[in-house]
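Here are a few short exercises to work through with the sequence and the 3D view side by side. Try each one before reading its solution.

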Amino acid sequence: MKICVNELKNHVGEKIIFSGFVDAIRDKKWVMFVILRDATGKVQMTIEKSDENNKELLERMSNVTVESTIRAEVEVLENTSVKLGGIELIPSKIDITSSAEPLPFDFNNLAGVNIDTRMDFRWLDLRNEKNMLVRQIESCLVQAMRQFLYDNHFTEIHTPKLIGTASESGSSVFEVKYFDRLAYLAQSPQFYKQMALAGGLDKVFEVAPCFRAENSNTNRHATEFTSFDLEFSYIDSYEDVMNLEEDLLIAGLSKVKDEYGDKILEVFGKEVIVPTKPFPRIKLKDLYEKLHEKYGFSIPTEDIGDMNAEAEKLTYRLALEEYNSEFMFVVDYAATKRPFYHMRDENGKLQGYDLIWRGTEITSGAQREHRYEELCKNAKEKGLGEDVKFYLQFFKYGCPPHGGFAIGVDRLTMLLLGLTIKETQFLFRGPNRLDP
Ligand code: AMO
């Protein structure tokens with residue numbers, strides 16, 4: 001395996017193979033400095049011109065363009081006068097493993113570069129140090145959240161994304177030609193994560209793509225995004241679901257703060273705040289009242305019983321001002337505005353919630369209706385028939401009371417770093433963006 005820049009200090013005095021991108025070449029009178037780069041940093045390779053043995057190396061390197069890649073046999077030396085980590089590489093052999101053409105833009109300086117040009121050449125855009133950090137931070141966050149679930153005896157599952165009927169609500173799904181019939185792309189793993197519990201697995205999770213055929217061009221919507229979904233059995237109420245989400249987010253954000261807190265502040269200007277339990281919880285009706293009282297906000301008639309983007313923004317403000325919290329759970333949504341699989345109590349009150357962080361919804365969750373008769377009734381009420389018939393069967397042969405939630409990973413990273421979803425996703429997918 002390749003030795004990375006951040007491991008070189010462990011190889012001082014050794015002869016090793018080092019590979020990387022040519023970041024810059026500084027051709028001085030007596031010496032040529034070649035700055036090499038990999039995902040962990042940069043290092044200086046020094047080629048002395050006075051050394052006759054270096055003639056061939058110098059000739060070869062003088063024809064190399066920046067962003068080409070090389071493989072070099074080098075000696076790793078400690079040199080305190082070298083600014084890049086106090087290490088320099090002295091090569092005895094260099095192979096050019098790929099040659100780069102002139103770049104369409106300078107990825108080190110993206111300020112004036114159109115976002116669509118950046119997306120067209122996303123693999124170059126990703127070479128920007130900040131963008132590389134986004135990937136590494138997201139990876140750290142998801143790893144910590146996964147680890148939390150493994151530690152709590154959750155099993156990772158992989159549910160199909162090609163499905164035979166339009167899932168969940170019958171709207172917003174992509175149709176795919178499937179031999180001589182139609183299939184659909186899963187809008188979420190909802191039905192299958194619940195099927196896992198009907199299958200006797202007590203606690204499951206999945207980190208996977210969701211597809212939404214929504215023509216939304218906002219900073220937080222994508223047509224394909226990564227969802228961190230979980231579902232678990234034998235809960236007493238949706239309070240148990242919210243409690244677990246608190247612990248999960250605390251685990252994820254603690255790890256990110258430990259590993260990247262300073263870097264995030266320096267590069268993105270955002271402080272990573274690890275929340276404390278319990279996160280404030282507010283009923284939708286009370287929230288409307290507070291938002292009206294404090295900020296003069298009234299929910300538009302069509303959104304009554306639900307939230308909208310403006311309400312989410314103000315909820316964040318309220319959470320900060322009144323609860324000193326970046327997070328806020330909102331409960332008591334109208335059953336008419338929520339999916340049929342959310343449980344309702346004997347008074348028809350919905351047993352579900354949304355979680356708002358930094359002005360955006362990051363999660364929907366609920367206790368699920370696991371009683372076959374009730375579930376059939378709810379589905380019928382929503383006008384769902386054949387499409388959900390297969391799903392209703394899961395609850396016919398015994399199924400534990402259960403609940404779960406889904407966190408949008410892209411939104412989590414985006415809000416953590418103060419970016420848009422286009423900048424955050426590895427490769428953005430939106431109504432007008434299917435390439436590369
Ligand atoms: P919901 O539709 O609210 O719930 O989605 C869950 C979370 O996924 C993220 N999200 C999105 N991210 C980017 N682009 C989009 N178009 C987009 N749509 C949703 C959000 C959202 O909170 N089955 C339920 C979850 C559950 O109850 O377990 C569901 O899909 O962060």
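**Exercise 1.** Find the side chain of opposite charge that is nearest to Glu245, and say how far away it is.

*Solution.* Start with the location: Glu245 is found in helix 6 (residues 238-268). Next, check its surroundings: Glu245 is buried (under 20% relative accessible area with a 1.4 Å probe, protein chains only; exposed means over 50%). Then look for a partner: the nearest side chain of opposite charge is Arg281, 9.0 Å away, and Glu245 has no salt bridge (a side-chain nitrogen of Lys or Arg within 4 Å of a carboxyl oxygen of Asp or Glu). Finally, leaving aside neighbours within four places in sequence, its contacts (heavy atoms within 4.5 Å) include Phe329, Tyr353 and Phe405.

A word on the model: it is predicted, with local features needing pLDDT of at least 70 and side-chain atom pairs pLDDT 80 or more, while totals for chains, interfaces and linings use all residues. Residues are numbered from 1 along each chain as its sequence is written, and side-chain values use heavy atoms, without hydrogens and water.

**Exercise 2.** Work out which residues of helix 7 are buried and where they pack.

*Solution.* First, list them: Leu284, Leu287, Tyr288, Leu291 and Tyr295 are buried. They cover an arc of only 100° around the axis, so they lie on the same side of helix 7. Now turn to the other side, where Lys285 and Glu293 are exposed. Last, follow the packing: the buried residues meet strand 12 (281-283), helix 8 (309-323) and strand 13 (327-331).

How values were computed
Helix = DSSP H or I, 4+ residues; strand = E, 2+ residues; numbered from the N terminus. Arc of directions from axis to C-beta. Lys, Arg positive; Asp, Glu negative; His and termini not counted.
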